[in-house]
Structures are given as structure tokens and as C-alpha cells.
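These are my notebook entries on a few places that I looked up, kept short so that I can follow them again later.

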Amino acid sequence: MGTHSRLAAAGALGLTAAIAFGGATAQAYGPTANSLGCRIYFSDAGTGTSPTTWNDTFALTQSPATPAPGQTVTVTFTAAAGPNNGPVPLNAGDVPVAVKLALGGSQSGTVTLNMATYPAAAAPASAPLGPITATGTYVAGAAGAGSLTVTQVQFNNSTAKTYCSNAGDRDHKAAPEPTTIVENFSVFGGGTTITSITGQTVTTAARAGNTVNFSVTGMAPSATLTASLKNAGGSGTGEGSGTGTTDATGAGAGTLAVPSGATTGARTLSVSDGTNTVTTAITILGAPAISITPGGGGAGTAVAVTGTNWNPGSTVTVRGYQAGAPPPPATADAAVTATATGAGAISASFTVNDPTTAYIGASSGTGPGTLFAVATWTASADSCVAKAGAATSGSCNLTYNLSQTVTAGNLAMSRAAGSGNVALSGVTLNGTVQNGTGALAPITVTDFRGSTFGWSLVGSVSDFTGTPGGTIPKASLTWTPTCTATAGFTNAVTATAGSAGAVDGSTLCSAPANAAGTGGSFDAAAALNLQVPAFQQAGSYTATLTITLS
């Protein structure tokens with residue numbers, strides 16, 4: 001690799017996808033000193049020239065180190081120093097690197113690793129090009145022993161490419177030989193599933209004394225299995241001594257009795273065939289417990305009952321109990337039931353009425369396997385001792401429940417006696433439009449409902465009919481409303497007068513709804529005006545004005 005063209009190939013890897021990894025690298029290759037043979041190919045043609053030997057420290061790793069079938073695996077190839085540059089300086093990225101690998105054993109196919117920017121920085125003539133890190137991915141196939149072998153390294157300069165394979169001089173482009181840079185690994189597809197748990201209706205939780213039944217696949221054929229409970233990460237000291245077997249296909253089953261004193265909480269069931277280990281999550285339940293809020297009170301007190309570590313999906317009965325050794329006699333308080341969640345939690349509302357209730361308890365199951373838990377209940381009394389005997393200090397309290405009923409009043413309106421007749425000023429016809437005027441006497445609205453609601457006064461009027469004949473349309477009657485607080489009242493809200501205009505269908509006065517409360521006394525009135533046509537038929541006209549409060 002003594003020319004610029006030759007070394008221009010030392011840089012970028014063409015990968016399927018590049019992802020960071022931090023998994024174990026068991027069975028990885030290197031870092032180990034090794035040698036590759038290389039030739040340069042101008043215009044990427046011919047059988048190559050200028051054979052050289054590339055001595056470096058190489059490594060090949062994959063993550064995860066032991067993949068499962070169908071899992072994406074990231075492969076990384078590194079060279080500690082990289083080749084030396086030729087007589088022509090290079091810019092960063094002039095020589096992308098591609099590394100070809102062959103999958104073997106239970107796996108098949110090829111993998112391409114890439115380093116797209118190589119060298120990482122400008123390199124002067126005859127200087128080392130620097131370390132190489134090329135990455136790529138493949139998808140793991142069937143379970144079994146596999147291998148990754150570096151078959152060819154390409155340095156892809158635009159002028160001339162360099163191809164390297166196993167040590168020795170040959171056409172490394174057309175007839176590369178696999179290198180001795182090989183990583184051996186295993187693809188493991190085993191797993192375990194909890195099929196049932198004695199004493200439980202779920203397969204996710206167990207308690208001391210339960211037996212966990214499990215199945216496995218993908219394990220060693222015709223093997224003896226061991227099982228134990230370990231921490232949530234699948235490590236730590238095992239608890240329990242489960243056993244099982246597999247058949248010729250590596251499938252099998254076994255059991256594990258949850259031991260007394262087993263660590264409670266999130267755990268894993270760990271099953272091993274002596275070489276491979278598979279795990280699955282399980283929750284180990286502790287002793288059931290309940291808590292109550294409040295912890296005491298008088299007859300009729302509603303109590304919030306919560307509990308933990310009950311068998312998931314089980315029915316738990318909550319009732320009152322008298323004082324005595326557990327389980328003590330039940331009281332007359334009406335029992336309630338709750339169903340435990342998948343996490344073993346319960347929640348219920350229980351009412352205490354029996355004065356002999358000393359405990360609130362919960363139970364589930366029958367016979368020797370009954371689960372039971374209680375919480376102390378403190379009943380209230382109508383007397384207390386402030387100072388016992390010769391004590392000189394101390395106090396006690398009696399509490400009283402005070403109540404006051406506030407009865408709603410009415411929303412009503414009234415007017416002065418005799419103000420129901422309104423005579424408008426008369427007009428004498430003179431060939432022009434004229435106006436008859438008058439006043440609507442105050443209407444007092446009282447809102448004593450003690451509410452948050454509003455109200456409105458709305459007018460409606462009929463046409464004016466004349467005697468002996470003639471009609472003046474109702475639209476000819478207009479008003480100018482006013483609305484004020486009644487003298488001497490401080491109201492909860494302010495009422496608003498309606499707009500001046502035609503009376504029919506219009507608002508005289510209204511008060512809004514208010515979340516803080518409404519109410520008060522209000523006076524609504526209006527100036528009236530009736531437009532009389534220039535040639536209206538003479539006579540005496542009447543109409544009915546209706547004011548509606550709602």
C-alpha cells in the first residue's frame with residue numbers, strides 16, 4: 001500500500017444500519033495481531049498491482065453476543081492503527097471502507113460493514129491513516145452455533161481501490177480468501193412460560209406454598225432442568241428448588257414450589273438446562289394486609305378500605321369484627337366484597353354501624369388456605385375522661401354536629417295597586433304622524449331563591465283595536481326601559497335594562513346568572529310611545545301588554 005491510490009481505500013463501511021451497542025462480547029475475536037494481503041486496482045479494474053501486507057491489531061465483535069432468532073445483531077470490525085498513506089496527502093473521507101463478512105454454521109448469508117468517513121481527518125503523505133471502526137447489522141436466523149468470518153476489506157478511493165483478504169499475494173478482488181478473523185457465537189431461541197400456579201387464577205403471581213408449573217422450548221434435548229426464583233433482573237441467589245425435563249426437541253416442563261420466606265415483590269422464574277438459562281417475570285406475594293381511613297368514628301361512618309398482597313382476581317370480603325382472637329366473631333355491620341386487581345390490591349367502602357365493632361377485617365378463601373387481615377377500629381363515645389384520678393392536667397373533647405336549613409324563597413314580581421291601566425296621551429288627527437306617550441309604572445322583581453340563576457322580564461303586546469273600528473299594529477308601540485335596585489337593597493347582582501325599541505318580544509330588564517350567587521330586589525319601568533298614522537281611523541283604541549318573568 002505504498003501509493004496514494006492504494007491507500008485511498010482505507011475508510012468507509014457500507015452497513016445495513018449502524019447502531020450503538022453495549023452488550024457482552026463473549027466469544028469475540030481479538031483484539032489480536034494479524035496480517036492481511038492487499039493489492040491496488042486502478043479504475044477498479046484488472047487483477048491488481050503493488051502487493052502489500054497489512055499488519056495490524058484486529059477485533060470483531062457483535063451485540064448481543066448471543067442473539068435470539070429474528071433479533072437484529074450489530075457487528076463491529078476494528079483495526080487499531082490502519083494502513084499507512086502513500087506519497088499523496090488525503091483529505092478526510094477520501095477512502096471509505098467496506099468490510100465483507102460471511103455467516104456460517106446455523107447462519108447463512110453475508111454482512112457488509114461500513115465506515116463512511118475515512119480517514120477521520122486529513123492525512124499527510126506516508127502517515128498512518130488511523131484506526132478503523134466499521135459497523136453493520138444482520139438478522140439472526142435459526143438457533144444453533146454460528147460464525148462470522150471477515151472475507152474481504154475494501155478501501156474505496158475514487159481513483160483506485162485497494163482490496164485485502166487473507167495473507168498472501170493473489171487477486172484479492174476477484175479471488176479473495178477468508179481471513180482468520182473469525183467470531184464464533186450461538187443463536188439461542190429458548191424460552192419459558194408459566195402455565196399455571198396452584199391456588200391462583202392467574203399465571204403472574206404466587207405466594208409461599210403455591211406450586212408454579214412451567215414449560216420450556218429451545219433448551220438442550222433430553223436434559224434435566226433446575227428452576228429457582230431470582231431477582232427482577234434474573235440474577236442473584238436463587239430461592240426454591242424446582243425440577244423438570246426436556247424431550248428430544250428441547251421442549252419440556254417442570255414445577256417449582258414457592259418456599260416459605262421467599263423474597264416478595266417483582267422476581268423472575270429462572271430455568272436452566274445446565275448450559276442455557278431462560279427466565280420469565282413473576283410476582284411473589286407477601287402476607288395480605290389492609291388499611292382503613294378513618295381509623296375510628298361513630299355509627300354511620302363510611303370507611304375507605306384498601307389492601308395489598310391478595311390473590312389476584314380473588315373475591316375479598318370486608319366486614320366488622322368484635323374484639324377477640326383472630327378471626328373474632330363478626331358484628332352486625334353489612335359485609336361488602338371487592339375483587340383483587342392483577343397486582344393483588346383491593347379497594348372498598350364499608351360502613352360501620354354496630355357499636356361492638358372493634359376491627360375491620362378482610363378475608364378470602366375457605367378452609368386452611370383462608371387469607372385474613374384486620375385493622376383496628378376505634379369507636380367514638382358520648383363521654384370522655386379529662387383528668388384521671390388525681391391528675392392535675394389533661395383534657396378531652398365532645399363534638400357536636402350543627403346544622404342549619406336555609407329554605408329558598410321565590411322569584412316574584414309586583415306592581416302598585418291600580419297601575420295596571422296605562423292611558424297614553426291622546427292625539428288629534430292633523431294629517432301628520434303623531435305619537436301618544438305614557439309610562440309603564442315600576443314593576444318590582446324580588447329574587448329570594450338563594451340560587452345562582454338569573455332572570456328576565458320580557459314584554460309582549462297585542463295590536464291596538466279601535467272602537468268603532470280600526471287597528472294600530474303592535475309594532476308601533478315602543479319603549480325605553482329602565483332597571484334599578486330597589487331603594488334600601490344591596491343586591492347580589494346588577495340588573496340590566498333592555499334596549500329601547502319595539503315592545504313586542506323585547507326585554508324590559510334582566511339579571512345574569514352568577515356562580516357566586518344571585519338575588520335582590522329590582523325596579524323595572526319604561527317610557528312608552530305609540531306612533532299613530534297620519535290618517536288613522538278615529539276612535540278609542542285598546543291593547544294588552546303582558547310582562548313575563550322567567
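The entries below go through the salt bridges and then one loop residue.

**Entry 1, ground rules.** I note that this is a predicted model, in which local features need pLDDT of at least 70, side-chain atom pairs count only at pLDDT 80 or more, and totals for chains, interfaces and linings use all residues. Residues are numbered from 1 along each chain as its sequence is written, and side-chain values use heavy atoms, with hydrogens and water left out.

**Entry 2, counting salt bridges.** How many salt bridges are there by the rule? I took a salt bridge to be a side-chain nitrogen of Lys or Arg within 4 Å of a carboxyl oxygen of Asp or Glu, and by this rule the count comes to 7.

**Entry 3, Lys173 and Asp44.** I looked up this pair and found that the two side chains meet in a salt bridge, at 3.2 Å from N to O. The partners come from distant parts of the chain, 129 residues apart: Lys173 is in the loop between β8 (160-166) and β9 (182-187), while Asp44 is in the loop between β1 (29-42) and β2 (49-63). Here the β labels stand for strands, which are DSSP runs of E with at least two residues, numbered from the N terminus. For accessibility I used relative accessible area with a 1.4 Å probe and protein chains only, where buried means under 20%, exposed means over 50%, and partly exposed is in between. Lys173 counts as partly exposed because its relative accessibility is 28%, and Asp44 is partly exposed because its value is 27%.

**Entry 4, Glu177 and Arg170.** Is each partner buried or partly exposed? The side chains of Glu177 and Arg170 meet in a salt bridge of 3.1 Å, N to O. Glu177 is partly exposed at 35%, whereas Arg170 is buried, with a relative accessible area of 14%.

**Entry 5, Asp504 and Lys474.** In this salt bridge the closest N and O atoms are 3.5 Å apart. Asp504 lies in the loop between β34 (501-502) and β35 (507-511) and Lys474 in the loop between β31 (471-472) and β32, so the pair ties together parts that are 30 residues apart in sequence. Asp504 is partly exposed at 31%, and Lys474 is partly exposed at 33%. I also noted that salt bridges with shared partners join Asp44, Lys161 and Lys173 into one network.

**Entry 6, Gly488.** Where is Gly488 placed? I found Gly488 in the loop between β32 (477-485) and β33 (496-497), and it counts as exposed because its relative accessibility is 85%. Gly488 and Ser521 are 33 residues apart in sequence, and their C-alpha atoms are 9.2 Å apart in space.

Technical notes:
Helices (H or I, at least four residues) and strands (E, at least two) are DSSP runs, numbered from the N terminus.
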